[in-house]
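Got the viewer open? Load the model and keep the selection box handy.

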Amino acid sequence: IGCTAKFAQHHQHVAHANGAVAREVGRAILARGARVGRVGGGRRGRPGDEGHPGVRAVGGSAVARVGDLERVPRHVVDASPAKCVVEEESLDSPATTAAPAAEPDGLKVGIVLGALGDLSFMDSAKRGYDKAVADLGIQGDYVETEPSERAAAIQNFLADGKEMIITVGFSEAEITKEAAVANPDVQFAIVDMVITADNGDLLPNVSNLIFKEHEGSFEVGYIAGKLSKTGHVAFMGGMDVPIIRKFQTGWEEGARYANPDIKLCDGYAGSWGDPAKGKEIALSCFEQGADIIFAAGGSTGNGAYEAAAETGNFAVGVDSNQDFMQPGTMITSMMKNVDFAVYSAIKNRTDAGMVVSEIASYGSAENGVGPTWLVDGSSLFADEGPADMAAQVAALTEEVKEVRAKIVSGEIVVTDVTAGG
């Protein structure tokens, strides 16, 4: 019996084969979060589809991560992206499907994601989940959804017996709270929001994962204020919501700290996924004299980076290390370690052996936000940027370390526009 498996990272895992082997390989692939709903089908999987939460892998075997086939049914001996070779059954070498593997004992975890492939916020959350699957021995499922599908995705995970469910983004607060209150024995975690009971108390089964984006944005704003040749920097936001205002306020305060006479330009795209609008905003600011733009808007920001590269200007990435996207144009990225927060929440629940309640806050003091130069110690710009600017990176890195120390000590107080609400 032979089969072919084709993989497309983040989006599709499709297996074509015959008979029972096809069903087993297909379910093993799909049960770990692939978007394709049926073996041999090409449509996107959605909450409730076959192959999504509620449909278990045969024998407990499954593909743990997108693009990384780690665990497959034992009779599959090669399942690379190019081929899927299955042992031929004979009297001397029978297939092993009659004796499925025992159900794994790891914590059953589901994560509800938005659109992957942004190279930023959602991809960072997925990396944290991937690391937990690889390192902690959890039984992981993920589902990639539209906003209107996320409540159903949570319910499907509950029906599938998940012991921990993670949601990503402040907009998921209401549905996460509702599910957490109704299922007190299930651990929940949410990124970018603190959920409380109606009386203001923390819920006993929710890990609240939040960030001091304003602090990290101050640090990259300081870098931009020092490097700008025109004395004019720009900010592009995705949606005009309080959390993005935190980025903007920190950025502008940091730039002013570096250069009190700095000029500012800003614009909001009204979308997390509109690179064309991001490019339009960037080009407008560049025409007004800005030479560095900080984009906090998911994949919308990719258009701003493109505009910077095309016009000989510069950009600062967000959430993940995006320095590679436009080498020589990207000065740094304001990293927000969502991956570490997601991984840590899963590990905390695994270590505790029971539901936990926490607020995990990540700022400059925790190295949870800030420029790549500090957070992961990388600086592609020092190698790829214009010689006159690249030569300043080493000394400027030391300056930013001093700025960070002042933020941590309280000597510099960065405005948090969401404080108190």
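We'll make a few stops, starting inside the fold. Bear in mind that this is a predicted model.

**Stop one: the core.** Select Trp251, Ile292, Phe294 and Ile331: these are the residues with the most contacts inside the largest nonpolar core, which has 83 residues. Now stay on Trp251 and show what surrounds it. Beyond its neighbours within four places in sequence, Trp251 touches Ser217, Phe218, Val220, Gly221, Ala224, Val233, Ala234, Phe235, Ile292, Phe294 and Val316. Another core, of 16 residues, lies apart from the largest one; to find it, pick Ala153, Ile190, Ile195 and Leu203, which are among its members.

**Stop two: a helix pair.** Next, colour α7 (residues 275-287) and α8 (residues 301-311). Their axes are 6 Å apart and meet at an angle of about 45 degrees, which makes α7 oblique to α8. The crossing of the two, α7 and α8, is right-handed. Turn on side chains to see who meets whom: α7 brings Pro275, Gly278, Lys279, Ala282, Leu283 and Phe286, while α8 brings Gly303, Ala304, Glu306, Ala307, Ala308, Glu310 and Thr311. By type, the residues of this α7 and α8 contact split into seven nonpolar, three polar and three charged.

**Stop three: a glycine in a loop.** Finally, go to Gly238, in the loop between β10 (232-237) and α6 (242-258). Is Gly238 buried or exposed? Gly238 is buried, at 0% relative accessible area. Draw a C-alpha to C-alpha distance from Gly238 to Ser271: it should read 5.0 Å, although 33 residues separate the two in sequence. Ser271 is one of the contacts of Gly238 outside its neighbours within four places in sequence, and others include Ile244, Tyr268, Trp272 and Ala296.

Note on methods: Residues numbered from 1 in each chain as written. Predicted model: local features only at pLDDT ≥ 70, side-chain atom pairs only at ≥ 80, totals over all residues. Heavy atoms only, no water. Core = buried A, V, L, I, M, F, W, Y, C linked by side-chain atoms within 4.5 Å. Buried < 20%, exposed > 50% of the residue type's maximum accessible area, 1.4 Å probe, protein only. Contact = heavy atoms within 4.5 Å. Axes fitted to C-alpha atoms, helices over the stretch in contact; angles between N-to-C directions. Helix = DSSP H or I, 4+ residues; strand = E, 2+ residues; numbered from the N terminus. Parallel < 35°, antiparallel > 145°, perpendicular 65-115°, else oblique. Left-handed = near helix turned anticlockwise from the far one by under 90°. Nonpolar A, V, L, I, M, F, W, Y, C, P; charged D, E, K, R; others polar.
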